[in-house]
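Please find below some comments on the model you sent, set out as numbered points. They begin with one acidic side chain and then turn to the strands and the aromatic rings.

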Amino acid sequence: SGTGSRGRPSQFRGAARSGGSQYGMVYATRRQEDRDEPDVIAGTFSVHTVPFFALLDNGSTHSYVSSSVAGYLKIPVEDTGSSVSVFSPVGHQMEISKVYRDCPLELHGEIFPANLMKLPFVDFDLILGMDWLSAHRVTLDCERKRAILRTSDGREVTLIGELSLIH
């Protein structure tokens, strides 16, 4: 039929190499106010003791840092080696060629490295996509609004999704 899950064009699902470029999908159409929605899991990670509010987004192929907070990571930015074309759910395309490699995301004293591409968005500091979710064998529990991350030695660390306190 030409469309994949959630109405996304199937040709843009996943990351595929084509002519030296990569395609990526970002499905973060959520706002910070949506954190109470049943399918949204978001929480706070620290990078060098600075807190960053992150959306765990299994609809995104890659992980991203908001251009408005990227300078606070305090790690050097590198070239990706080839440009990445990122498509939003509404069909907008952006070319990305910079990445913050092995960014040390800390949760409960454990480090979960992420390769974060700089992207302009405002409602979250980070969007953690399938690359990061897979690397850390994350299990998402939408009903309980939590995520279970696994360390390299197999221990489990639980992120309890943040809910707003004002209803």
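**Notes on the predicted model**

1. A polar atom of the Asp141 side chain lies 3.3 Å from the backbone nitrogen of Glu143. The model is a predicted one, and this distance should be read as computed from it. Asp141 belongs to strand β10, which covers residues 139–141. With a relative accessible area of 17%, Asp141 counts as buried, because the cut-off for that class is under 20%. Once the neighbours within four places in sequence are left aside, Asp141 is in contact with Ile41 and Arg146.

2. Strand β3, which spans residues 41–47, is mostly covered, with five of its seven residues buried. Strands β3 and β4 pair in the antiparallel sense, and seven bridges join them; within this pairing, Gly43 has Ala54 of β4 as its bridge partner. The two strands form a hairpin with two residues between them, and in that hairpin His48 adopts a positive phi near 50°.

3. How many aromatic pairs does a search of the whole structure find? There are two such pairs. Phe45 and Trp132 make up one of them, with 5.7 Å from centre to centre and 85° between the planes, an edge-to-face arrangement. Since Phe45 sits in strand β3 and Trp132 in helix α1 (residues 130–135), this pair ties together parts of the chain that are 87 residues apart in sequence. Phe45 is buried, at 0% relative accessibility, and Trp132 is buried as well, with a relative accessible area of 2%.

4. Phe53 and Phe124 also form a pair: their ring centres are 5.5 Å apart and their planes meet at 15°, so the arrangement is stacked, given that planes under 30 degrees apart fall into that class. This pair, too, links distant parts of the chain, for Phe53 lies in strand β4 (residues 50–56) whereas Phe124 lies in the loop between β8 (110–119) and β9 (126–128), 71 residues away in sequence. Phe53 is buried, with a relative accessible area of 8%, and Phe124 likewise counts as buried at 3% relative accessibility.

5. Taken together, the points on the hairpin and on the rings can be read side by side. Strand β3 carries Phe45 of the edge-to-face pair, strand β4 carries Phe53 of the stacked pair, and these two strands are themselves antiparallel partners.

Notes. Residues are numbered from 1 along each chain as its sequence is written. This is a predicted model: local features need pLDDT of at least 70, side-chain atom pairs count only at pLDDT 80 or more; totals for chains, interfaces and linings use all residues. Side-chain values use heavy atoms; hydrogens and water are left out. Rings of Phe, Tyr and Trp (its six-membered ring) pair if their centres lie within 6.5 Å; planes under 30 degrees apart count as stacked, over 60 as edge-to-face and the rest as tilted. Helices (H or I, at least four residues) and strands (E, at least two) are DSSP runs, numbered from the N terminus. Buried means under 20% relative accessible area, exposed over 50%, partly exposed in between (1.4 Å probe, protein chains only). A polar contact is a pair of N or O atoms within 3.5 Å; within protein, one must be able to donate a hydrogen and the other to accept it, and residues adjacent in sequence count only if both atoms are side-chain atoms. Contact means heavy atoms within 4.5 Å. Two strands pair if DSSP finds at least two bridges between them.
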